[in-house]
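User: Can you walk me through this structure? I'm new to this, so short answers please.

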Amino acid sequence: MQTTIDHRSGGRRALALAFMAAVIEGFDLQAAGVAVPKLAPAFGLTPQQIGLFFSSATIGLIFGALAGGRIADAWGRRSGLVLALVTFGIFSAATAYVTSFEQLVIMRFLTGVGLGGALPNLVNIAAESADPGRRGRAVSIMYAGVPLGGAVASGVAMLGLHGGDWHSIFLVGGIMPLLLAPAIHILLPPLRVVKSDAKSTSGALSSILAPQTLLSTVALWLSFFLGLLVVYLLLNWMPQLLVSRGLAREEASFVQILFNLGGAAGSLVGGRMLDQKNPVMPVALGFAAAAAALLMLSLLPAHLGLTLMAGALVGGAILCVQAILYGVAPQCYPFEIRGTGVGVAVSVGRLGSIAGPLLAGFLVAGGSSPSDVIFALVPITLLAGLTTVLLLVRRERALQAA
């Protein structure tokens, strides 16, 4: 079964809309981190409550990715994305008006559900907006919007553009998707599953775990888990680790911005690597470069210029390989179960995004230095590279046999 999009006339428009949605997604993903320095005193939050506030969104992301992937197959990509945008738009805006900690956690969880539901639809829209030989590149362009939106959120915090008011961050994060949703509903070319061909939930899961796809599925899940473990450990802990090494908090925030900007650039590189005729070696070198960048960051002294350079390189390398994973995921499954397959993989990856910050906390509590924590990510990154290379080798063999 084929998609209904005309790649020549509608592909660029679909990709542009997906990119804009990804920027908004990236902004909202980091909105809580931007708001918490002002929000915590306003509610008198303890460190444990702050942790629960952050975790509630991550848990919502897991459920949202599962639901969003399933909706993409059953109702179509456009409907799935619009529903996700409206969901996280409404609940992000509602967060600005909460009056208790319990309401704060509930609203952030529901925002996370919407954010999680958007990503499988964005990945599939980007992949299906391009010809088969350019799908990795298309997904990487879309995915570059996520760290770009995160950089915008970090810049707002560093420059104080939100006026020191935590409410405005959530309001802006809620209004933007609500404004974009009607445009996507009207302008996005049709990307839908013919209902007679759409599989049931049990049928889609059975296909994902069928003997001929099981090894690829497990490799994809493990790669996502390990990759997002590294990404979210760095997103949550890198500023604090850098401050512990002697940088000022403003300097650490600037490193975080460059991490995101480097990630946006690296995402574009990852897509080009994946679209090569034989991507196995370039992808393997990409993971090796990510491990080398982490090693460099762990060994460098607390010098601002060197740390800024290392932060940008780490962001570029880590999100380069993450873009490769998002690019290869929709290529692992046929169209009628692609949304479910990508959604489940993203959900498994979100478990890694929970494990990453917990791992850092465990290491720090055990007396590990900031350099030790960053160094611990090197073997994890190399293992993610190994499973991704295995996945690509299987994909190449399947293409040659077809």
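**Helices, rings and cysteines**

Analyst: Let's start with one side chain. The side chain of N124 reaches the backbone oxygen of P120 at 2.8 Å. Bear in mind that this is a predicted model.

User: Where does N124 lie?

Analyst: N124 sits in helix α5, which covers residues 101-128.

User: Is N124 buried or exposed?

Analyst: Buried. Its relative accessible area is 0%, and the cut-off for buried is under 20%.

User: And which residues does N124 touch?

Analyst: Leaving out residues up to four places away in sequence, N124 touches R77, P330, R338, G339 and V342.

User: What about α5 as a whole? How many of its residues are buried?

Analyst: 22 of the 28 residues in α5 are buried, so the helix is mostly covered. From first C-alpha to last, α5 reaches 41 Å. That is close to the 40 Å expected at 1.5 Å a residue.

User: OK, new topic. How confident is the prediction?

Analyst: The mean pLDDT of the protein is 87. Also, 93% of its residues reach 70 or more. Over residues 192-196, though, the pLDDT is below 50. Beyond near neighbours in sequence, that stretch has eleven contacts in the model.

User: Switching to rings. How many aromatic pairs are there?

Analyst: The count comes to six aromatic pairs. One of them is F53 with F54.

User: Why does the F53 and F54 pair count as tilted?

Analyst: Look at the angle. The ring planes of F53 and F54 are at 35°, so the pair is tilted. Stacked would need under 30 degrees, and edge-to-face over 60. The ring centres are 5.8 Å apart.

User: Are those two residues buried or exposed?

Analyst: They get separate labels. F53 is buried, at 0% relative accessible area. F54 counts as partly exposed, at 29%.

User: Got another pair for me?

Analyst: Yes. W166 and F170 form an edge-to-face pair. Their centres are 6.2 Å apart, with 75° between the planes.

User: Where do W166 and F170 lie?

Analyst: Both lie in helix α7. They are four residues apart, about one turn of the helix. W166 is buried at 7% relative accessibility. F170 is buried too, with a relative accessible area of 0%.

User: Which residues form an aromatic cluster with them?

Analyst: F43 does. F43, W166 and F170 form one aromatic cluster.

User: Tell me about α7 itself. What span should it have?

Analyst: Helix α7 has 22 residues, from 166 to 187. At 1.5 Å a residue, they should span 32 Å. The end C-alpha atoms are 33 Å apart, which agrees.

User: And which other α7 residues are buried?

Analyst: Besides W166 and F170, the buried residues of α7 include S168, I169, G173, G174 and P177. L180, A181 and I184 are buried as well.

User: Next, cysteines. How many disulfides are there?

Analyst: The count comes to zero disulfides.

User: Why is there no bond at C320?

Analyst: Distance. The closest cysteine sulfur to that of C320 is in C332, 17 Å away, which is too far for a bond. A disulfide needs the two sulfurs within 2.5 Å. The sulfur of C332, in turn, has C320 as its closest cysteine partner, at 17 Å.

User: Is C320 buried or exposed?

Analyst: C320 is buried, at 7% relative accessible area.

User: One more helix. What can you say about α12?

Analyst: Helix α12 runs over residues 304-328 and has 25 residues. It reaches 36 Å from its first C-alpha to its last, close to the 36 Å expected. Of its 25 residues, 19 are buried.

User: Pick a residue in α12.

Analyst: Take T307, which lies in α12. T307 is buried, with a relative accessible area of 4%. A polar atom of its side chain lies 2.8 Å from the backbone oxygen of H303.

User: Which residues is T307 in contact with?

Analyst: Leaving aside neighbours within four places in sequence, T307 is in contact with L242, L247, V255, L297, P301 and A302.

User: How far is T307 from L294?

Analyst: Their C-alpha atoms are separated by 11 Å. Along the chain, T307 and L294 are 13 residues apart.

Methods:
Residues are numbered from 1 along each chain as its sequence is written. This is a predicted model: local features need pLDDT of at least 70, side-chain atom pairs count only at pLDDT 80 or more; totals for chains, interfaces and linings use all residues. Side-chain values use heavy atoms; hydrogens and water are left out. Helices (H or I, at least four residues) and strands (E, at least two) are DSSP runs, numbered from the N terminus. The expected span of a helix is 1.5 Å times one less than its number of residues. Buried means under 20% relative accessible area, exposed over 50%, partly exposed in between (1.4 Å probe, protein chains only). pLDDT is the predictor's confidence in each residue, from 0 to 100. Contact means heavy atoms within 4.5 Å. A polar contact is a pair of N or O atoms within 3.5 Å; within protein, one must be able to donate a hydrogen and the other to accept it, and residues adjacent in sequence count only if both atoms are side-chain atoms. Rings of Phe, Tyr and Trp (its six-membered ring) pair if their centres lie within 6.5 Å; planes under 30 degrees apart count as stacked, over 60 as edge-to-face and the rest as tilted.
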